[in-house]
Amino acid sequence: MTIQIKTPADIEGMRIAGRLASEVLDLLTAHVKAGVTTQQLDDIARHHILEVQGAISATIGYQPPGYPPFPAAICTSVNHTVCHGIPNDRPLKNGDILNIDCTVIKDGWHGDTSRMYIVGEGSIAAKRLCQFTYEAMWKGIAKVKPGARLGDIGHAIQSYAEPAGFSVVREFCGHGVGKKFHEEPQVLHYGRPGTLEELVPGMVFTIEPMINAGRREIKELPDGWTIVTKDRSLSAQWEHTIAVTETGYDILTLSAGSPPPPAFIKA
Ligand code: MF3
Ligand code: CO
Ligand code: CO
């Protein structure tokens, strides 16, 4: 098993898939409101991917060894859900935060991205966690260039999140992505600078930190997918699919509705 290097043409294919995934998140923004269920959001996403985009959902029926098939086109992870939340019939309420994670396949290429959404007016603590996690993802992205190492990315995220009083989930990581949903390498969101694999142009992987307001420990629910914080503290996550270029990084999961980079990223 080795890290697949993508050609410039591969990367243009992945950018199309990545934009489609991001456009699903754009579309859902206006639908995230008190009273809406995550199942309704999934219905909208599924129809858009299959019928409007003419693409494939990577998550419907996705079944890694030891898991039941995932039943939906999006993961919806509300409040203390860390990741892999399954859409259901509970209405969202004011102040909820949720991550929506969408992965589409177009021409064989995967695009994998997620964002946080706040229902109505979130608490100051909830907004701070969502904002901080977005910035933590970008701290990792900013490290991406040839010659840097995967440990630099993890360290950048951990050393941003922990001094602020947040914790980094260890059990789930970013991943190589391409013709397969999950490829090598693993991209940890914690670590030491100068360690692990060296980045080279043409690598494509996700950066998708899961950051908890409380302790980092998690547990899996009996549905076989849903991951929650053990202490029931809020959890946030953002995700982009990133290509390593000759000089730095190229984000493949951008669309009209993508939030701008934080101020600490220079244009
Ligand atoms: N999109 C998730 C990731 O970022 C994986 C979701 S798998 C699912 O890697 F089956 F839960 F949808
Ligand atoms: Co991912
Ligand atoms: Co994802």
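**Exercise 1. The shell around ligand 1**

How do the residues of the shell around ligand 1 divide into nonpolar, polar and charged?

Solution. The model is a predicted one, in which local features need pLDDT of at least 70 and side-chain atom pairs count only at pLDDT 80 or more, while totals for chains, interfaces and linings use all residues. Residues are numbered from 1 along each chain as its sequence is written, and chains are lettered from A and ligands numbered from 1 in the order in which they are written.

Step 1: list the residues around ligand 1, where a residue is near a molecule if its C-beta atom, placed from the backbone, lies within 6 Å of it; they are Thr59, Tyr62, Phe70, Cys75, His84, Asp101, Thr103, Asp112, Thr206, Glu208, Trp225 and Glu239.

Step 2: sort them, counting Ala, Val, Leu, Ile, Met, Phe, Trp, Tyr, Cys and Pro as nonpolar, Asp, Glu, Lys and Arg as charged, and the others, Gly among them, as polar. The shell then divides into four nonpolar, four polar and four charged residues.

**Exercise 2. The largest nonpolar core**

Identify the residues that touch the most other members of the largest nonpolar core, and state which helix gives the largest share.

Solution. Step 1: a residue is buried if 20 or more other C-beta atoms lie within 10 Å of its own, exposed if 12 or fewer, and partly exposed in between; a nonpolar core is a set of buried Ala, Val, Leu, Ile, Met, Phe, Trp, Tyr and Cys residues joined through C-beta atoms within 7 Å.

Step 2: the largest such core holds 70 residues, of which Val24, Cys102 and Val104 touch the most other members. Its largest share, eight residues, comes from helix H1 (residues 8-29), helices (H or I, at least four residues) and strands (E, at least two) being DSSP runs numbered from the N terminus.

Step 3: with contact defined as C-beta atoms within 7 Å, and leaving aside residues up to four places away in sequence, the contacts of Val104 include Ala17, Leu20, Ala21 and Val24.

**Exercise 3. Strands and their partners**

Work out the strand order of the open three-stranded sheet, and then describe strand S9 and its pairing with S14.

Solution. Step 1: two strands pair if DSSP finds at least two bridges between them. The order is S3-S12-S11 with antiparallel pairing, and strands S3 (81-83) and S11 (218-220) are the edges, each pairing on one side only.

Step 2: S11 is joined to S12 (residues 227-229) by three bridges, and isoleucine 218 has threonine 229 as its bridge partner.

Step 3: strand S9 (residues 204-207) has both faces covered, with Val204 and Thr206 buried on one side and Phe205 and Ile207 buried on the other. S9 pairs with S14 (residues 240-244) in the antiparallel sense over four bridges, and valine 204 is partnered by alanine 243.

**Exercise 4. Backbone exceptions**

Asparagine 79 and aspartate 107 both have a positive phi; decide for each whether the residue is buried or exposed.

Solution. Step 1: asparagine 79, with phi of about 55°, lies in the loop between strand S2 (74-78) and S3, and is buried because 21 other C-beta atoms lie within 10 Å.

Step 2: aspartate 107, with phi near 50°, sits in the loop between strand S4 (97-106) and strand S5 (109-118), and counts as exposed because it has 11 C-beta neighbours inside 10 Å.

Definitions and conventions
Two residues are in contact if their C-beta atoms, placed from the backbone, lie within 7 Å.
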